[in-house]
Amino acid sequence: MPAVRMLQHVVGQLLLGPGCGCRTSALPARSLGASPWQIPANANFHSASFSETDQPRVLITGGLGQLGVGLANFLRKRFGKDNVILSDIRKPPDHIFQSGPCIYSDILDYKNLREIVVNNGITWLFHYSALLSAVGEANVSLAKAVNITGLHNVLDVAVEHGLRLFVPSTIGAFGPTSPQDPTPDLCVQRPRTIYGVSKVHAELMGEYYHYRYGLDFRCLRYPGIISADSQPGGGTTDYAVQIFHDAVKNGKFECNLKPSTRLPMMYIDDCLRATLEVMEAPAESLSMRTYNINAMSFTPEELAQEVHKHIPEFQITYNVDSARQAIADGWPVSLDDSNARKDWKWKHDFDLPELVTTMLNFHGSDTRIAQAN
Ligand SMILES: NC(=O)c1ccc[n+]([C@@H]2O[C@H](COP(=O)([O-])OP(=O)(O)OC[C@H]3O[C@@H](n4cnc5c(N)ncnc54)[C@H](O)[C@@H]3O)[C@@H](O)[C@H]2O)c1
């Protein structure tokens, strides 16, 4: 390389480097400096002959929340029980502890995270730890730590060890100044919650690490996710999970959003399948690294009407929580996911009627339906 170009290259690297610009490494500051592929010959966890055709070794952070246990079950069916490690700071219930590897990991403890990745030969990381929208607003400093500092730890570990990294984003990464119906992949993102701000930060940092360090970062903006066998973790769309529990148990439900609040939603099976599909998609098929995915949009009133078809005595009342309503009012009504549908053939299976039937069947409403008929 001619001297002038070499100098330009070095200056360019310095200017591109984050922080003080006092290092020229191609890897982030906490990196060991070695290539992630320079694995010691005596490493017993991961042979140097590892290739892309081998099964991934998966770590899920924040795995005991609404989505993580379902993801672990789903991935274990594909990759084998012992290839998927669930981690969290909470103590797992017995049935989860016995269903496969489940360990303690605080994402704020960088060394511990690195140790887990190294000792277990992790190759794919699903970063689910987070404080969601409503609980984040109630504890901003903890949300900053978990959602932002935690993400930094995960990004550094991932780039250091050559991991494929999945980070879920959310409809909450958009705000009142974003186009709302439908919201495209690329548009103004000025969220007004710490949750949303931290997720925009995650999208941008992940993409930056992808272009700067070659990190294989993949991200989906999930709508509100509806699951039958796990409790929601404090988000604005929680009502759409709780309504089924209460409808079956008590025949009534008090909703904390206005009847006309239309938000994008998705059944968990579609969400988990999308997550695996984007992780398995060939890199060359991905024209972007952060995609919207969409399935259905409905209001509390429309959801209640659909529940009513199965449980005629079901009643919904409204006691609006102003904090959650303000968050919901700034969120998209629907997402434009045409890029995901084009690039990696994303397609949802569940619309509102199938969702309601599936959820009520799970909650054992058969008796009620029979009685009603
Ligand atoms: N559930 C949804 O509807 C939805 C929608 C959009 C995006 N997402 C995203 O999907 C991911 C999973 O969501 P969820 O609903 O399962 O969340 P959740 O709140 O139910 O679970 C989050 C988990 O993170 C764990 N956690 C908190 N602090 C931690 C720490 N310091 N170290 C390790 N773990 C910690 C918690 O113990 C909890 O089990 C999150 O990133 C969330 O932002 C969820």
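L125 stands opposite L165, a residue of strand 5 (164–170). L125 belongs to strand 4 (residues 124–127), which pairs with strand 5 in the parallel sense over three bridges; two strands pair if DSSP finds at least two bridges between them. Helices (H or I, at least four residues) and strands (E, at least two) are DSSP runs, numbered from the N terminus. This is a predicted model, in which local features need pLDDT of at least 70 and side-chain atom pairs count only at pLDDT 80 or more, while totals for chains, interfaces and linings use all residues. Residues are numbered from 1 along each chain as its sequence is written.

Strands 4 and 5 take their place in an open sheet of seven strands, ordered 3-2-1-4-5-6-10 with parallel pairing. At the edges are strand 3 and strand 10 (290–292), each of which pairs on one side only. On average, neighbouring strands of this sheet are turned by 20° against each other, direction ignored. Helix 7 (residues 194–213) packs on the sheet and touches strand 5, strand 6 (216–222) and strand 10, with its direction at about 150° to that of strand 5. Contact here requires C-beta atoms, placed from the backbone, to lie within 7 Å. Axes are lines fitted to C-alpha atoms, for helices over the stretch in contact, and angles run from 0 to 180 degrees between N-to-C directions. Helix 9 (residues 268–280) lies across strand 4, strand 5, strand 6 and strand 10, and runs at about 155° to strand 6.

Which residues of helix 4 (residues 110–119) are buried? They are L113, I116 and V117. These residues fall within an arc of 95° seen down the helix axis, so they line one face of helix 4; the arc is that of the directions from the helix axis to the C-beta atoms. A residue is buried if 20 or more other C-beta atoms lie within 10 Å of its own, exposed if 12 or fewer, and partly exposed in between, with C-beta atoms placed from the backbone. The buried residues of helix 4 pack against strand 1 (58–61), strand 2 (84–88), strand 3 (102–104) and helix 6 (140–160). The face turned away from that buried side carries the exposed residues K111 and N119. Just after helix 4, G121 takes a positive phi of about 60°.

Turning to the ligand, 28 residues surround it, the closest being G62, G65, Q66, A130 and G233. A residue is near a molecule if its C-beta atom, placed from the backbone, lies within 6 Å of it. Helix 6, strand 5 and strand 7 (224–226) each supply at least two residues of this shell.

Outside that sheet order, strand 8 (residues 252–255) runs parallel to strand 12 (residues 315–318), and four bridges join them. The bridge partner of E254 in strand 12 is T317. Side chains alternate along strand 8: F253 and C255 point to one face and are buried, whereas K252 and E254 point to the other and are not.

Two loops deserve a look. A cis peptide bond joins D181 and P182, with omega about -5°, and P182 sits in the loop between strand 5 and helix 7. K345 has a positive phi of about 60° although it is not a glycine. K345 lies in the loop between helix 12 (338–343) and helix 13 (352–362), and it counts as exposed because it has 10 C-beta neighbours inside 10 Å.

How values were computed: Two residues are in contact if their C-beta atoms, placed from the backbone, lie within 7 Å.
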